[in-house]
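Trainee: I have a model open and some labels to check. Can we go through what stands behind them?

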Amino acid sequence: MSLPAHRLVSRLLRVCLMLGVLLLVSMVSGMLWGSSATAWQDCLRALLGRSDPEEVLPAILWQIRFPRVMLAALVGGTLSVGGLVFQALLHNPLAEPYILGISGGAAVGAISGILLGLSPFPGVAALAFLGSMGVMLVVIFLTPRETGDKRNALLLSGVMVNALCTALILFFVTMTQDARLHNILYWLMGDLSVALPRQIFSLGLLLLPGFVILYLLARPLNLLYLGEEQAGYLGLNVTGVTYLLLAVTSFMLSAAVCQSGLVGFVGLVVPHLLRLMLGPEHRILIPACLLGGGAYLVFCDLLARVLPSQGELPVGVITALIGAPLFIILLQRSRL
Amino acid sequence: MKSAVRLQQVWVGYGQEAVLRDLSLEVPEGAFFIIIGPNSAGKTTLAKTLAGQLRPDRGKVEILGRPVGAYSRQALARRVAVVPQYTPVDIPFTVLEVVLMGRSPHLSLAGLETRRDLELAADAMAATQVSHLAKRRLNQLSGGEVQRVIIARAICQQPQIIILDEPTASLDLAHQVHVMDLLEHLQKSRGFTVIMISHDLNLAAMYADTLLLLAQGQVVAQGEPAQVLTYDRLEQTYGCVLLVGENPLMRRPQVTLVPGRMLAKTQSYLQQNGLTGQGGAAREKTGAGGDRRGGPSR
């Protein structure tokens, strides 16, 4: 709610505290349980630094599980905030982070990288990043300038370019027969297992300024709900803000998606859930989506590792399995 | 007297078609200025141009003595508030939140609303009688209530000029009078310049100190209601027969519409009383009515 400063701030602090605790719990759980058969009590001891110095467990925890949990938190937060921004920007409750073609572009880039035999990081990630940013530019460029409703024009351009990319992806998948097919499918369903510490660090560094800019634009995002015309009457440079939001959000999403693959439903479910609970004020929702989305994906990734008796599931399978029914339940209750 | 808005030889169009053609006018500061005219005369386009939102293809727009280009959007929104014809209601915000959005031109980028902003919003809601709706969402309100909420938001903006596009169109009689009285009060007590589009000639005649009759993107007449609302001019512009009398309460014109089955009777009545010379000629020329180009009002 738009309220005088102190009430907004105190509400923001309360929300951040609660979701922050949730995120922390999810991250600690994500480090305690995993695919290796070690009991969680041992992991907890290692986490607190009370295990034998000779043991490999601390190394597993900090070198493998920690980067993975961090990646899940960053990607989940970015996807949720991205979904939130696109839903407000395009005035469409079904908008998700991938709606403007980011998924298609990233996938075509990543698959090219896999087929060329590049390493997951930085090779495949870099191509995926270039792919999604490239497609984003094409979508913005293709959107007619003179149309009355730019939002629908953007949406349709995005959907069509995405469809084109899907055709390319299917072509690649059909033509690939060897072990690389497995890599491609895992990438398409979302895979957080390849996280490296330096990868996480650079991702965090890339995302941070984006979050700051988005937060500064939170109040203008509220105004966009009134439609372009009225937002303009209230002093907002609608075109400028729209393109700035598009650029920043696409950059952040590309940076996240290129390292995780296509994790679906997070950017759809989390913003809707939080909006239902917290109302439409974006100055609350943006930090809430960052923390809540992070916690959600960390939990989903935990399930993806723990549920199968052997190996692990792509995390995108879990997010979709939970996300789709959850979204239907939300839809029933919210009367969009 | 200073002018609130001044247009000099302004041309505005959408693509090829010019909607306003070589239009010059001046709205004095503190005026109650009402724009009337048939459909697709260019009223809404004129209102958007006066608000500085639509930039002309040719000509000059000055707001409060400075060219419109000299204002940032935010600075413009601190001086000019607009109540549009249509407000989307699929907005999840409450009435109070929507009214508070009127403060945004006064806030910095990361600025938060203060207690003072809340007080201004409360005042504005009281003035338009929507205080009791403060916690409701916009999509739970009637059309008239939404209109009053948007007017409250415009008041909360603390502008010097308020521009309204048919603000009384969806209001019942009591609320029409209430909104017009409120605007008159704002004009008299706070020195607002009120610029309004209206289809209701009688309401316009009762409240305006200056009327502007617009047709086909050009000024047909401008002046006091009695000077503008004359029989010949209205018949010419709207292309229909009507009666122009005097409001029994004040020395302002009063316009009465004439149903088709009464046309013959009206013609002879008009001629007997020497009220018109050309009667049906204008009607035949313009066909079925005033809506010559058939498009929606812009």
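Trainee: What makes the span of helix H8 of chain A agree with its 20 residues?
Mentor: This is a predicted model, so we test its geometry. At 1.5 Å a residue, residues 197–216 should span 28 Å. The end C-alpha atoms of H8(A) are 29 Å apart, which agrees.

Trainee: Where does H8(A) bend, and which proline follows?
Mentor: The bend is at A:Leu207, by about 25°. A:Pro209 follows within four residues.

Trainee: Why are A:Leu203, A:Leu207, A:Gly210 and A:Leu214 called buried?
Mentor: The label needs 20 or more other C-beta atoms within 10 Å of a residue's own. These four residues of H8(A) are buried, so they meet that cut-off. Their cover includes helices H3 (57–89), H11 (238–260) and H13 (282–306) of chain A.

Trainee: What makes a residue part of the contact between chains A and B, and how many does each chain give?
Mentor: C-beta atoms must lie within 7 Å. Chain A gives 22 residues and chain B gives 24. On the chain A side, H10(A) gives the most, with four residues. By class, that side has 13 nonpolar, seven polar and two charged residues.

Trainee: Which domains does chain B have?
Mentor: The domain assignment gives domain 1 (3–229) and domain 2 (230–287). Their C-alpha centres lie 30 Å apart. Their contact takes 13 residues from domain 1 of chain B and 11 from domain 2 of chain B. On the domain 1 side, H7(B) gives the most, with four residues. That side divides into 11 nonpolar, two polar and no charged residues.

Definitions and conventions:
Residues are numbered from 1 along each chain as its sequence is written. Chains are lettered from A and ligands numbered from 1 in the order in which they are written. This is a predicted model: local features need pLDDT of at least 70, side-chain atom pairs count only at pLDDT 80 or more; totals for chains, interfaces and linings use all residues. Two residues are in contact if their C-beta atoms, placed from the backbone, lie within 7 Å. Helices (H or I, at least four residues) and strands (E, at least two) are DSSP runs, numbered from the N terminus. Ala, Val, Leu, Ile, Met, Phe, Trp, Tyr, Cys and Pro count as nonpolar, Asp, Glu, Lys and Arg as charged, and the others, Gly among them, as polar. The expected span of a helix is 1.5 Å times one less than its number of residues. The bend at a residue is the angle between axes fitted to the seven residues ending there and the seven starting there. A residue is buried if 20 or more other C-beta atoms lie within 10 Å of its own, exposed if 12 or fewer, and partly exposed in between; C-beta atoms are placed from the backbone. Domain bounds come from an automatic or database domain assignment.
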